[in-house]
There are 2 protein chains.
Amino acid sequence: MLVVSLMRLDEEETRLKEAFPEVDFKFYKHPSELPVDLQEQMDVVISYHPEVDAQFIKQSPRLKWIAWYATGVNSLPFETLKEKGIQLTNAGGVHAQQLTEFLFAYILDDYKALKEAYAEQQQKVYNNKRITASLNEQRILFLGTGRIPQRSAQVAQTFGMKTIGLNTTGHPADYFDETYPLSERQQHFAQADIVVNLLPETEETYHLLSEIDFEAMNDHTLFVNLGRGTITPESVIIDSLKSKKIRKAYLDVFEKEPLDEQSELYTLDNVYMTPHISGNRSDNKKRATDIFSRNLTSFLKDNKLVENVVNANKGY
Amino acid sequence: MLVVSLMRLDEEETRLKEAFPEVDFKFYKHPSELPVDLQEQMDVVISYHPEVDAQFIKQSPRLKWIAWYATGVNSLPFETLKEKGIQLTNAGGVHAQQLTEFLFAYILDDYKALKEAYAEQQQKVYNNKRITASLNEQRILFLGTGRIPQRSAQVAQTFGMKTIGLNTTGHPADYFDETYPLSERQQHFAQADIVVNLLPETEETYHLLSEIDFEAMNDHTLFVNLGRGTITPESVIIDSLKSKKIRKAYLDVFEKEPLDEQSELYTLDNVYMTPHISGNRSDNKKRATDIFSRNLTSFLKDNKLVENVVNANKGY
């Protein structure tokens with residue numbers, strides 16, 4: 001069995017070799033370094049590089065399993081995977097903690113007016129009359145109720161917030177006070193103080209939010225996007241911010257990444273942006289390798305994958 | 001029975017009058033507006049103004065209860081209160097939510113590097129290589145284990161942090177994984193990633209932390225002060241930050257308030273300051289009046305106070 005990683009895994013490499021002495025591991029820094037003969041022979045590939053596309057997969061006739069070391073799998077050619085019967089796992093869950101921390105960093109930065117206070121500190125102004133908003137009893141609405149939103153909703157409940165989740169059918173989910181179908185979203189937007197997108201990119205979520213959705217939101221709404229930038233066209237979010245349909249946005253993801261220097265988003269004073277860093281974490285490789293190891297144990301035994309299996313029909 | 005408030009309580013005034021028709025309420029904007037004859041006749045005073053001192057109390061011979069509408073009672077003359085048998089209640093617990101929100105606003109601002117990302121946004125730099133630290137498994141040590149630290153420790157545990165609390169005897173407290181006596185603090189500082197002061201000002205806590213304490217801390221320590229600025233001399237915190245005994249500080253309270261414009265703190269690049277605003281909240285009056293009402297019901301019945309009674313010997 002040949003497992004090829006198209007990224008270096010540092011100390012995880014030794015760990016894998018020691019745990020699976022019967023497996024042949026090869027580690028490369030970049031897909032371009034992979035020799036053609038190994039690409040033809042590999043059974044499993046570890047990567048999250050966009051070069052792993054339909055063409056690449058066609059040159060890997062023995063490939064049975066793609067272990068994607070990221071959560072978002074939208075760059076992968078699902079039709080080709082289905083055609084060839086290639087299984088796919090992702091690193092979903094690895095990022096729940098990091099994304100939740102960013103979400104509350106954003107929300108508290110806004111609610112506690114930290115940037116305003118910092119500006120005053122730099123001017124040596126001691127303005128002790130400032131009253132800040134509280135999270136207590138605020139209504140936070142999540143697009144998505146999977147593992148990442150559940151982790152975020154858990155923290156939100158501890159802060160005393162009311163958690164509302166939207167998913168395909170409106171089925172209940174842990175840590176959500178209320179759940180509704182995504183199709184009914186507009187009637188729930190108006191009551192939300194904070195709207196958070198944590199949906200993956202799929203055919204159904206691509207450009208899901210239009211002008212009508214932002215119009216349905218409250219004009220004091222804080223909108224946070226930590227899912228995928230393609231949930232709404234960039235022009236819609238820009239218009240909503242300019243026309244104050246919503247109060248403010250915190251965005252970590254963008255319709256086109258990297259965000260163009262010419263983007264009008266850079267000129268607005270009610271948007272705060274981070275450059276798709278919310279998932280970055282020094283021990284991501286370790287955590288993704290934990291998932292991979294558990295799957296590899298099972299795969300070696302009976303070709304079954306047990307954790308983080310992506311449904312190629314659903315795309316998540 | 002005459003109850004005088006030395007601050008206006010807005011809509012809470014009607015609420016009190018309606019709930020207690022047998023009580024005579026008077027509301028003033030400032031202690032200076034209080035007529036001498038009323039000061040002599042009042043049974044109960046509501047305030048958190050520093051003019052309520054030993055002199056003021058001596059001019060109020062019938063006074064039996066001071067309902068302090070703040071948590072910190074250190075400006076009050078405890079000897080006089082004991083001498084005259086005057087009971088004291090505070091608004092402790094009202095601020096637990098707000099202070100906890102500020103604590104995590106500070107910690108997440110630092111751990112998620114929001115200011116650094118914001119500086120890049122302003123320069124239109126898209127640096128998606130940034131890796132931020134995670135709260136997971138970080139050790140957060142609290143000076144104090146009362147209601148406010150317990151609320152903060154509850155949120156810290158939900159974020160996956162290890163919570164260590166220091167109090168007088170080392171007794172256990174809710175939401176703390178470990179508790180130790182304050183006297184042993186130096187041996188616990190070295191293992192802490194974050195040190196948070198939430199102690200009230202008392203004779204025992206005044207200048208409790210000296211150079212030795214900051215030397216005992218880890219050089220990557222984040223120090224947060226949301227308690228009282230007098231926990232350490234300003235010179236000690238300045239030296240500790242300048243010499244990098246600790247990595248960074250977030251301060252909401254200062255030894256002398258308002259902070260002097262000439263303070264060297266304003267010149268340091270590893271301190272972030274807010275001007276004692278962490279307790280400010282638009283509904284503080286409502287929440288403090290909730291406590292006051294429950295106490296007044298009991299006080300009218302049998303002169304007993306049941307909630308937030310301050311021990312004049314301990315000073316908290």
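Between chain B and chain A, about 4600 Å² of area is buried, and carbon and sulfur atoms give 61% of it. In chain B, the residues that lose the most area to chain A are B:Gln121, B:Lys124 and B:Tyr126, which together account for 16% of what that side buries. The model is a predicted one. In terms of contacts, 52 residues of chain B meet 52 residues of chain A.

The symmetry of the pair comes next. A turn of 180° with a shift of 0.0 Å along the axis lays chain B on chain A with an RMSD of 0.0 Å. The two chains are therefore related by a two-fold axis. In chain B, B:Ala105 has the C-alpha nearest the axis, at 3.1 Å from it. Both copies use the same surface, since 100% of the contact residues of chain B recur in chain A.

Polar and charged pairs also cross the interface. There are 23 residue pairs in polar contact between chain B and chain A, counting pairs with both residues at pLDDT 80 or more. Two salt bridges are found across this interface. B:Glu101 forms a salt bridge with A:Lys112, where the closest N and O atoms are 2.9 Å apart.

On the side of chain B that touches chain A, the elements giving two or more residues are helix 5 (96-111), helix 6 (114-122), helix 7 (147-158) and strand 12 (271-273). Helix 5 of chain B gives the most to this side, with 10 residues. By residue class, the side of chain B that touches chain A holds 24 nonpolar, 16 polar and 12 charged residues.

Definitions and conventions:
Residues are numbered from 1 along each chain as its sequence is written. Chains are lettered from A and ligands numbered from 1 in the order in which they are written. This is a predicted model: local features need pLDDT of at least 70, side-chain atom pairs count only at pLDDT 80 or more; totals for chains, interfaces and linings use all residues. Side-chain values use heavy atoms; hydrogens and water are left out. Copies are superposed by least squares on the C-alpha atoms of residues with pLDDT of at least 70 in both. Contact means heavy atoms within 4.5 Å. Buried area is the accessible area (1.4 Å probe) that two parts lose on being put together, summed over both. A salt bridge is a side-chain nitrogen of Lys or Arg within 4 Å of a carboxyl oxygen of Asp or Glu. A polar contact is a pair of N or O atoms within 3.5 Å; within protein, one must be able to donate a hydrogen and the other to accept it, and residues adjacent in sequence count only if both atoms are side-chain atoms. Helices (H or I, at least four residues) and strands (E, at least two) are DSSP runs, numbered from the N terminus. Ala, Val, Leu, Ile, Met, Phe, Trp, Tyr, Cys and Pro count as nonpolar, Asp, Glu, Lys and Arg as charged, and the others, Gly among them, as polar.
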